[in-house]
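Trainee: I would like a close look at one part of this model. Please start from a single residue and work outwards to the elements around it.

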Amino acid sequence: KMSTQDQILRFFYLLGTWLLMFVQMVPISLLVTLECVRFCQAIMISWDANMFNPKQNLGPAVQSSNLNEELGCVKYIFSDKTGTLTCNIMSYKKMSIGNYSYGLTRASLIKEKGITNVQFKDPTFFEHMNNPRCDNYSQIHHFVTILAVCHTVLLQEKNGKLEYNASSPDELALVNAAKYFGYEFIGRDEDGYVQVKKDNGEILRYELLNVLEFSSARKRMSVIVRNPEGKILLYCKGADSVICTLLHQNSQHFEFTNQCLEEYGNEGLRTLAIAYKELSESNYKLFDEKYKKASLSLKNREEKVGEVSDEIEKDMFLVGSTAIEDMLQEDVQDSIEFIKKAGIKLWVLTGDKVETAINIGYSCKLLNNRTFKVIVNAID
């Protein structure tokens with residue numbers, strides 16, 4: 001016979017064994033209860049008046065009740081800027097040419113036939129453009145010519161109308177701006193010539209020799225053309241932080257253009273720098289041989305093409321800069337403010353300049369005057 005003490009110990013041993021056997025088992029009633037709770041939570045979410053949009057007469061719709069308990073676990077949101085916080089619809093607003101800055105802050109969207117993505121207004125610009133005695137006359141026409149020629153835009157027929165088909169909304173805005181200023185890109189002919197039609201009906205033909213494609217590493221794109229006078233010219237547009245390092249030491253208007261770029265960035269505009277370079281026949285032939293050889297390389301083709309392109313894109317002369325606006329999405333400020341009140345930390349990723357990024361941060365209420373800012377600049 002077992003003693004009383006042994007019987008007590010055996011009882012607790014059997015009790016522990018019994019609990020361990022059932023630790024992986026959940027009563028069916030508990031599962032049903034959890035589903036009922038989730039169902040009630042889903043109904044409460046769909047009835048939440050704070051999440052109702054009166055403009056669209058639309059409230060929240062719960063597609064899956066299994067995610068209810070995970071909603072409170074979200075602590076960080078990483079968001080892209082272009083196309084997420086913004087509409088990804090670019091509008092050409094301002095520019096600097098030579099020692100002049102053009103474009104009024106308050107300007108309505110141009111609604112002329114066949115012109116889109118232009119929100120530019122400045123009587124002074126058109127006075128300078130149409131006055132041959134103006135000291136900026138030739139610079140303006142050179143600048144607009146570059147906008148009409150330096151791109152990879154294609155013409156396509158849609159619903160019986162010819163429309164621009166661009167790889168990026170920035171290029172679409174630039175080409176439409178050139179068209180608005182009187183230099184309309186009308187396509188490429190069978191011989192590969194870029195055709196530009198002026199307001200007076202004159203058609204300029206530029207022989208397209210090479211296209212140096214844009215890449216995230218290069219942050220610029222260039223074209224090499226032979227103009228109607230027979231000169232070989234390199235037209236380049238790209239990030240001002242890159243273009244400014246490739247300028248000739250005698251390039252003019254650098255300080256003024258840099259001031260304009262800072263001003264445009266503080267307004268939240270996307271900026272590009274415009275530059276050019278005249279090539280001799282011998283220099284171009286040497287470049288063309290290297291470029292063709294690099295293009296046919298089987299190993300590290302992109303790197304070799306990039307190296308050859310970098311060699312020719314040096315000692316350029318600054319012409320000016322452009323400023324394009326990317327409008328914020330509707331009610332994005334209220335949405336970000338609501339996310340911050342929920343205790344969620346929001347990170348926005350963008351490739352814009354620091355000044356532009358900070359300005360947009362204030363515009364969408366991601367930043368405020370009480371925000372502690374830390375700016376880290378990296379130098380290659």
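What is the relative accessibility of Asp315, and how does the residue count on that basis?

Mentor: Bear in mind that this is a predicted model. Asp315 has a relative accessibility of 43%, so it counts as partly exposed; that class lies between the limits of 20% for buried and 50% for exposed. The residue sits in the loop that links α10 to β12. Its backbone deserves a look, since phi is positive, at about 55 degrees, although Asp315 is not a glycine.

Another loop residue belongs in this picture. The C-alpha atom of Asp315 is 7.3 Å from that of Gln249, although 66 residues separate the two along the chain. Gln249 is in the loop between α7 (240–243) and α8 (254–266). With 73% relative accessibility, Gln249 counts as exposed.

Now take the helix on one side of the Asp315 loop. Helix α10 (residues 301–312) packs against helix α9 (residues 281–295): their axes come within 8 Å and cross at roughly 165 degrees. That angle is over the 145 degrees required, so α9 counts as roughly antiparallel to α10. The crossing of α9 and α10 is left-handed. From α9, the contact uses Phe287, Lys290, Tyr291, Ala294 and Ser295, while α10 supplies Arg301, Lys304, Val305, Val308, Ser309, Glu311 and Ile312. Sorted by class, this contact of α9 with α10 has six nonpolar, four charged and two polar residues.

On the other side of the loop is strand β12 (317–328). Nine of its twelve residues are buried, so β12 is largely enclosed by the rest of the structure. It belongs to an open sheet of nine strands with antiparallel pairing, in the order β3-β2-β12-β11-β10-β9-β8-β7-β6. The edges are β3 (100–102) and β6 (183–188); each has a single partner strand, so one side of each lacks a neighbour in the sheet. On average, neighbouring strands are turned by 30 degrees against each other, direction ignored.

The order places β12 between β2 and β11. Eight bridges join β12 to β2, and the two strands run antiparallel. Across this pairing, Met95 stands opposite Thr322 in β12. The pairing of β12 with β11 is also antiparallel and has seven bridges; here Leu318 in β12 is the bridge partner of Ala275. One strand further along, β11 (residues 270–279) pairs in the antiparallel sense with β10 (residues 232–238), over seven bridges. In that pair, Ile232 has Leu279 of β11 as its bridge partner.

Ser91 in strand β2 gives a view from the other strand beside β12. Its relative accessible area is 5%, so Ser91 is buried. Apart from neighbours within four places in sequence, Ser91 is in contact with Leu109, Asn117, Gln119, Ala323, Ile324 and Glu325.

A further helix also meets this sheet. Helix α6 (residues 169–180) lies across several strands, including β12, β2 and β11, and runs at about 45 degrees to β2.

Finally, return to the backbone of Asp315. Lys365 also has a positive phi without being a glycine, in this case about 65 degrees. Lys365 is placed in the segment after α12 (354–363). At a relative accessible area of 39%, Lys365 is partly exposed.

Technical notes:
Residues numbered from 1 in each chain as written. Predicted model: local features only at pLDDT ≥ 70, side-chain atom pairs only at ≥ 80, totals over all residues. Heavy atoms only, no water. Axes fitted to C-alpha atoms, helices over the stretch in contact; angles between N-to-C directions. Helix = DSSP H or I, 4+ residues; strand = E, 2+ residues; numbered from the N terminus. Parallel < 35°, antiparallel > 145°, perpendicular 65-115°, else oblique. Left-handed = near helix turned anticlockwise from the far one by under 90°. Contact = heavy atoms within 4.5 Å. Nonpolar A, V, L, I, M, F, W, Y, C, P; charged D, E, K, R; others polar. Pairing = 2+ DSSP bridges. Buried < 20%, exposed > 50% of the residue type's maximum accessible area, 1.4 Å probe, protein only.
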